[in-house]
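Hi,

Here is the structure I said I would pass on to you. Have a look through it first, and then read on for what turned up.

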Amino acid sequence: MGAGIAEVLARGGLAVVGVEVDRDALERGRGHLESSTGRAVKRGRLTAEAQQEILGRVALTTDFADLGDCDLVIEAVPERLDLKRRVFAELDRVCRADAVLATNTSSLPVTDIAAGTSRPSQVVGVHFFNPAPVMKLVEVIATVLTEPDAVTGVAELVKGLGKTPVTIGDRAGFVANRLLFGYLNGAAAMLESGHATRDDIDTAMKTGAGLPMGPFTLMDLIGLDTCLQVLDAIYAESRDRRHAASPLLRELVTAGLLGRKTGRGFYAYDGVEQAKPDAPDGPRPVVGIVGVGPLADAIAALCDRAGTQVRDSAAELAGCDLVVEAAEDAEAGRALLSAAAQAVKPGTVLAVTSVDGSVIRQAMATGRPADVVGLHLPDPAAPLAEIAATVATAPDVAGRAAELAGRLGLTVVRCRDRAGFIVDALRFPYLNDAAAMLGAGYADADSIDAAMTLGCGYPTGPIADLDRLGPDRAVTVLNALHAETRDPALAPTPLLVEHATAGRPLR
Ligand code: CAA
C-alpha cells in the first residue's frame, strides 16, 4: 500500500521520500514501484521516459530524519495501534512543526493516533483503496481535534492527484470499509455455512450484481490479515455480530495464508489456471411459464432472447422440460404449480421463483417435491440464474435444472433454499447498512455512493441501488432474512421502511 501511495504522489508530480524499516523492505517497495509502473509502460499507458521521471521523484531511505523537510507525511505501516503510535511519536520528533501528519489506517481510530502527538490539530486520516494507483477514492478523516485547514489542504492535494476526496468523521471503517466488510464477512459466513461454494458466491456477485470482483477474490487482493484487522476494529465499535470475523478467515490468517501476497488465501495463486467448465451443450429446452406479471414477462423475454419455445397454456405443459412458476402471489403460485405438476411428464423440472426461503413449502404442495428447485434471476438484465435445491430435491434434478438454465445462455450458481439465495442475501444487508448510515447522518448520499463506486469499483452506489431496486423490495427481502435469522441487524432500517411506505426514493 505504501508503494502504491508513493506511486500516486509521484505520478502527480510531487517529490516523495519513502521510508522503510530496513533495506530488504526498501527493495521490495522499489520492486512494487517498478513493476506497477512497468505494467503501465507495457500497456502503452506510460512512456519509458515518464516511468523514469516518476521513479526519479521517489527517494527511498531507512532514516526517519530524511522526512524533516516534508510538508505532508503519510504513514502506511501495518494496522496495529501500538506500532502506529510509535511511528507517529517518531514523526512528531523529526517533522517540521507545520507539517501535516496523516495515517492511511483502514479502521483504527485516527483520534487515538492524533492524541498521542504534540500536534493533534495537524493529524488527519487519508485512506487509499487497493490498488492505490487505480482506485479513485480517498477518504479524508477529520477528528474532533483536527484543524479545518489541515483537512481542506489534504482534500485539495488529493484532488490535485486526480482522486476524489470524501471528508468524514472518525468512525471505525469510515464509509467504504464499514459497508464493504459486513458484506465480505457475510460472504465468508455463507461459505462456512455450506449454503454455497466459494466459486459460486464469487460468480454470483460478479455476474448477478455486476461487481468487479467476487468477495473472495477481493479479500485475497486486500490481504486476509488486513481483512481480519479491519473486521476486529469495526466489531469493537459496532458490536454487530455480522462484523465478528468469520472463523474461516481467522483460520486462514493463523495459517499464514494471507491471499495474493503469500500465494494462497481463499484461492491458490500458483500460476495453474483453473479449468473452466464447458458451457452446457444440447437443444434449447422447452420452457413452460405459469403465472402472470413482471417476473413471468422477464422470464419469457429471456427465453425469447435464447431462442427457446415458451408454453404458457396448461394444455401445452406436458411437452416442457422446465416449468417455471412466476406468479406474483405465493398462494396463487402454489396452486398453479401443483396443477402443473399433475400435467407434466416425468423428468420435467419444476421451478419456484420465491426467494424467501420457502421453496420447500411450495415444493411440498406439489406432491412431487423431488422435482422442485428454486430459481432466481437477481437482475433480469444480468445473465445469472441462482438454482436452490431443498432437502427434498433429488440430486439429479438440481443438476438438470442447472443444465437447462445453462442452455438458456445463463451463468448458473447453486445454493440451498435460504432467504435471498446468494445475491440478495449478501446485497440487501449491505444496502440496509448504507441506508442506516444515511439515516444517522454520518455521510450524505453522494459521499456514500462515491465511496463504493470510486473506492471499490461498484458500478453504482448503494443509495442509487436502493432506488433502482426499490425500497419496498429491500424491505421485503430484509424482512425475510430477519425472519429466518432473527438477527436484529437484518431488520430493515427505519429510513428504508419509511421510504417504502411512502413509495418515495431515497434521493
Ligand atoms: N497496481 C497498479 N495498477 C493495477 C493493479 C495494481 N495492483 N491492478 C490493476 N491495475 C491496473 C491495470 O494496469 C489496468 O490499468 P489500465 O486500464 O490503465 O491499463 C487497470 O488497473 C485495470 O486492470 P485489469 O484490466 O488488469 O483488471 P480489471 O479490469 O479486472 O481491474 C481492478 C482490476 C481495478 C482491481 C478491479 O477488479 C476492481 O476495481 N476491483 C475492486 C477493487 C476494490 O474493491 N478495492 C478496494 C478494496 S478495500 C480497500 O482497499 C480498503 C481497505 O482499507 C482494505
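Let me start with the ligand. By class, the shell around it is made of 11 nonpolar, six polar and three charged residues. Keep in mind throughout that this is a predicted model. There are 20 residues around the ligand, and the ones that come nearest are Arg39, Arg45, His127, Asn130 and Asn177.

Three of the contacts are worth pulling up on screen. Arg39 has a polar side-chain atom 3.0 Å from a nitrogen atom of the ligand. In the side chain of Arg45, an N or O atom is 3.0 Å from an oxygen atom of the ligand. With Asn130 it is the backbone that takes part: a polar backbone atom there is 2.7 Å from a nitrogen atom of the ligand. As for cover, the ligand on its own has 1,100 Å² of accessible area, and the protein covers 71% of that.

Which helices should you colour to see the shell? Try α2 (23–42), α7 (176–192), α9 (215–222) and α17 (445–456), since each of them supplies at least two residues of the shell around the ligand.

Now for the overall layout. The chain is divided into four stretches: domain 1 (2–169), domain 2 (176–262), domain 3 (287–408) and domain 4 (424–502). Why do I say that the ligand lies between domain 1 and domain 2? Because both domain 1 and domain 2 give residues to the shell around it. Taken over C-alpha atoms, the centres of domain 1 and domain 3 are 54 Å apart.

Two spots in the backbone caught my eye. Most residues other than glycine have a negative phi, and most peptide bonds are trans. Asn130, whose backbone we met at the ligand, is joined to Pro131 by a cis peptide bond, with omega about -10°. Pro131 is found in the loop between β5 (123–127) and β6 (137–141). The other spot is Phe174, where phi is positive, near 50°, in a residue other than glycine. You will find Phe174 in the loop between β7 (164–168) and α7, and α7 is one of the helices that supply residues to the ligand shell.

Next, the empty space. Rolling a probe the size of a water molecule over the atoms shows where empty space is left. The second largest pocket has a volume of about 1,300 Å³. It is lined by 34 residues, of which Asp199, Thr203, Gln274, Lys276 and Pro277 are the closest to its centre. Which elements build that lining? α8 (198–208), α15 (395–407) and β14 (411–416) each supply at least two residues, and α8 has the largest share, with seven. Sorted by class, the lining of this pocket has 14 nonpolar, nine polar and 11 charged residues.

How many cavities of 30 Å³ or more does the structure hold? There are two.

The largest cavity has a volume of about 100 Å³. Of its 15 lining residues, Leu322, Val324, Leu375, Ala405 and Leu408 are the closest to the centre. At least two residues each come from α12 (294–306), β10 (322–325), β12 (372–376) and α15, so if you still have α15 coloured from the pocket, leave it on. The largest share, three residues, comes from α12. By class, this lining has 15 nonpolar residues, no polar and no charged ones.

The second largest cavity has a volume of about 30 Å³. Leu9, Leu72, Ile74, Val126, Phe128, Val154, Leu157, Val158 and Leu161 line it. Two elements give two or more residues to that lining, β3 (72–75) and α6 (148–160). α6 gives the most, with three residues. The class split here is nine nonpolar, no polar and no charged residues.

If you want a place to begin, I'd go to Asn130: a polar backbone atom there is 2.7 Å from the ligand's nitrogen atom, and a cis peptide bond links Asn130 to Pro131.

Cheers

Note on methods: Residues numbered from 1 in each chain as written. Predicted model: local features only at pLDDT ≥ 70, side-chain atom pairs only at ≥ 80, totals over all residues. Heavy atoms only, no water. Near = heavy atom within 4 Å. Polar contact = N/O pair within 3.5 Å; in protein donor to acceptor, adjacent residues only side chain to side chain. Areas by Shrake-Rupley, 256 points an atom, 1.4 Å probe, with all protein chains shown as cover. Helix = DSSP H or I, 4+ residues; strand = E, 2+ residues; numbered from the N terminus. Nonpolar A, V, L, I, M, F, W, Y, C, P; charged D, E, K, R; others polar. Domains from an automatic or database assignment. 1 Å grid on protein atoms, 1.4 Å probe; cavity = no way out; pocket = protein on both sides within 12 Å on 5 of 7 lines; lining within 4 Å. Points joined across faces, edges and corners; volume = space filled by probe spheres on them.
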